[in-house]
Amino acid sequence: MTDQPPQQPAPAGHPLPPPRRGADWMFGGVYGTVLASGLLAALDQKGGEYTPFYDASWVLVTAATAGLAHGYSHHMTTHQAGSAALRWRLLVRALWNEWPMIAATLPTVLLLVLAGVAHWESYGVTAVGLGLNTALLFAWGSFVAVRVGYRLTSALLIGLADATIGLAIIVANALIK
């Protein structure tokens, strides 16, 4: 999926650019889901001590850090002339627009917290989490494609392409471990 194009300067009388369109914020869902999958696979070490609460906290910290870095980089690449107050408001808007990336990691975080509370085995949690995230990637891709105007068949193929990213993480996890 593509990133949001640079924002155009705000028209006179409008101190901030408009918020992202609906489809634009949905792209963060794909990024966050891929991020959560990669972290889930990487944090589960065969033979190591299983620490689901620790893993959940690292998924959240990494998602928040990635969101901050992504928002900040968008802000820096769309520099606009204006007062310092305007630039700070633009920075805050750019950072706020990254919330979907963080929100998309929450199913994985919730799964890890439940695993810690219920004392589930790491292998099963990782397998379920990677499967769930692959299904979520399919859903994100299909939903975004329908929202931006693709026909249902094309949208399902786009969802399948997104799910392929999740499948690649599953295969990489199996090969590496």
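Before anything else, a word on helices: here a helix is a DSSP run of H or I with at least four residues, numbered from the N terminus. With that in hand, we can place Leu39, which lies in helix H1, residues 22-43. And please keep in mind that this is a predicted model.

Okay, the overall picture. The protein chain has seven helices and zero strands. If you read along the sequence, the pattern is simply α-α-α-α-α-α-α. The chain has 177 residues, and buried ones make up 38% of them.

Let's go back to Leu39. Is Leu39 buried or exposed? Its relative accessible area is 17%, and the cut-off for buried is under 20%, so Leu39 counts as buried. As for what sits around it in space, take Ala63: that residue is 24 residues away along the chain, and the two C-alpha atoms are separated by 9.7 Å.

Now for a contrast, over in helix H7. Thr153 lies in that helix. Its relative accessibility comes to 59%, and exposed means over 50%, so Thr153 goes down as exposed. From Thr153 to Ser142 you count 11 residues in sequence, and C-alpha to C-alpha they are 9.3 Å apart.

Staying with H7, which spans residues 152-176, we also find Asp162 there. This one caught my eye: Asp162 is buried, yet it has no salt bridge. Which side chain of opposite charge is nearest to Asp162? That would be Arg147, and it is 14 Å away. What the side chain of Asp162 does reach is the backbone nitrogen of Gly141, at 3.5 Å.

Last stop, the pockets. Rolling a probe the size of a water molecule over the atoms shows where empty space is left. In this model, the largest pocket has a volume of about 290 Å³. It is lined by 13 residues, and the closest to its centre are Asp44, Tyr123, Thr126, Asn173 and Lys177. Which elements give two or more residues to that lining? Helix H6, residues 122-147, and H7. The largest share comes from H6, with five residues. In terms of chemistry, the lining divides into five nonpolar, five polar and three charged residues.

So, if you open the structure yourself, I'd look up Asp162 in H7, and then turn to the pocket lining, where H6 and H7 both contribute. That's it from me, thanks!

How values were computed. Residues numbered from 1 in each chain as written. Predicted model: local features only at pLDDT ≥ 70, side-chain atom pairs only at ≥ 80, totals over all residues. Heavy atoms only, no water. Buried < 20%, exposed > 50% of the residue type's maximum accessible area, 1.4 Å probe, protein only. Lys, Arg positive; Asp, Glu negative; His and termini not counted. Salt bridge = Lys/Arg side-chain N within 4 Å of Asp/Glu carboxyl O. Polar contact = N/O pair within 3.5 Å; in protein donor to acceptor, adjacent residues only side chain to side chain. 1 Å grid on protein atoms, 1.4 Å probe; cavity = no way out; pocket = protein on both sides within 12 Å on 5 of 7 lines; lining within 4 Å. Points joined across faces, edges and corners; volume = space filled by probe spheres on them. Nonpolar A, V, L, I, M, F, W, Y, C, P; charged D, E, K, R; others polar.
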